[in-house]
Every structure is written in C-alpha cells, then in structure tokens.
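Colleague: I should like to learn how to read backbone and burial features in a structure. May we work through one example together?

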Amino acid sequence: VPSPPSEETADAILDAFASAASDRDEVDLVVLDHPHRRLEALARGRGVGLRTHFVGPASREAEAAWLSTASTALLTGDAPISGGLLLRSLGYGCAPVPVGPGAAPIADWLEAIGCAWARPRDAEGIAEAIEQALDRAEVVQRARQLGREAAGRFDVPALAAMLEPSIGAGPAAA
C-alpha cells in the first residue's frame, strides 16, 4: 500500500489481506505510511498484526525496493499520489489494484491505457485480486507486461519526443 489509506479503506484491505494470505505465511502487507495505532489494532484483530508493517513514507530508493518485489500495489486514492508513483509501479512490473471509492480516477486511467486487471468493490474483491497477484494469474502477468510498456511511453526520451512539436527546438543559440 504505497500511500496512506483511510480507516475505512484500511479496514477493507486488512479483511482482504487476512482472507487472501491466510494460507500464505510468506506474504506480508507493507504500508508506506507512519504507524497508526487504530489500523495496527485492526490488523491484530484479524490475526495479521505481525504480518502488517507500517514502514513510513519511503524514499525513492526504498519505494523502488518495495514496489519491484511486491506482488501488487493496492492504490487507495485516499491520499494524493503522484502520477510518477503510478508510472514507477507499472515500470517495476508491479500490477496495481485501485481500491476504495477514492481510487476511481486511478482505475479509469489504468483502463484507458489498457493496464486494468482488477477493480474490486469490496473486501472480497480485494482478496480475490490479491490472490490472483500471488498466484501470478495470466491476467495479472498480462497487466504487468502492458504496464511496463505503458510506463516506457512516459520515460524522458519519449516525453521529449512527444513535447518537441509543442516547444520546438528551443531558443536559438547565440
């Protein structure tokens, strides 16, 4: 979870994680936000307290380590996220799942660029998406491939090529 979730969304995520990871001791839920006592208590209440980690906001290097090894990124839309974060997650091959009502614009954008593979409406749907990511389902693998391709269309050389007609060659050299 690369951005702070609201308590309502965190509640659904924790229910989903507890369900999806019940038979997978090797899986942890990592939230790139400061610890929240209420959310930690919710995790403990669902039996996943020791497997839920609030690691604080991540530096770019730490973000890269988390996202490049994650099975999926649960994007809540409850707190502002940068488009760069979304593009970096796609570039790392991390198949994002928009969760919660605040994530509707993220889901719409993922659909528009062809990278959507899950749009869960509740904890059960989030659990199913987590399970698909952990099982490396074909739909998830395809979304990862398309996500990498989409992210590549937004790298610096690609952006420069797209912008050149608008900005021209720049000021003439003296």
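Modeller: Let us begin with a loop in this predicted model. Arg136 is found in the loop between helix H6 (123-134) and H7.

Colleague: What sign does phi have at Arg136, positive or negative?

Modeller: The general idea comes first. Most residues other than glycine have a negative phi. Here, Arg136 is not a glycine, although its phi is positive, at about 50°.

Colleague: Is Arg136 buried or exposed?

Modeller: Exposed means over 50% relative accessible area. Arg136 has 55% relative accessibility and therefore counts as exposed.

Colleague: Which residue just after H4 has a positive phi?

Modeller: That residue is Gly93, with a phi of about 85°.

Colleague: Which residues of helix H4 are buried?

Modeller: Buried means under 20% relative accessible area. In H4, which spans residues 83-91, the buried residues are Leu85, Leu86, Ser89 and Leu90. Viewed down the axis of H4, these buried residues fall within an arc of 135°, so they line one face of the helix.

Colleague: What do the buried residues of H4 pack against?

Modeller: Their partners are three helices and two strands: H3 (60-69), H5 (104-112) and H7 (138-152), together with S3 (72-75) and S4 (95-98).

Colleague: How should the protein be described as a whole?

Modeller: One starts from the elements and their order. There are 8 helices and 4 strands, and along the sequence they follow the pattern α-β-α-β-α-β-α-β-α-α-α-α. Of the 174 residues, 41% are buried. Among contacts with a separation of 6 or more, 62% join residues 24 or more positions apart.

Technical notes
Residues numbered from 1 in each chain as written. Predicted model: local features only at pLDDT ≥ 70, side-chain atom pairs only at ≥ 80, totals over all residues. Heavy atoms only, no water. Buried < 20%, exposed > 50% of the residue type's maximum accessible area, 1.4 Å probe, protein only. Arc of directions from axis to C-beta. Contact = heavy atoms within 4.5 Å.
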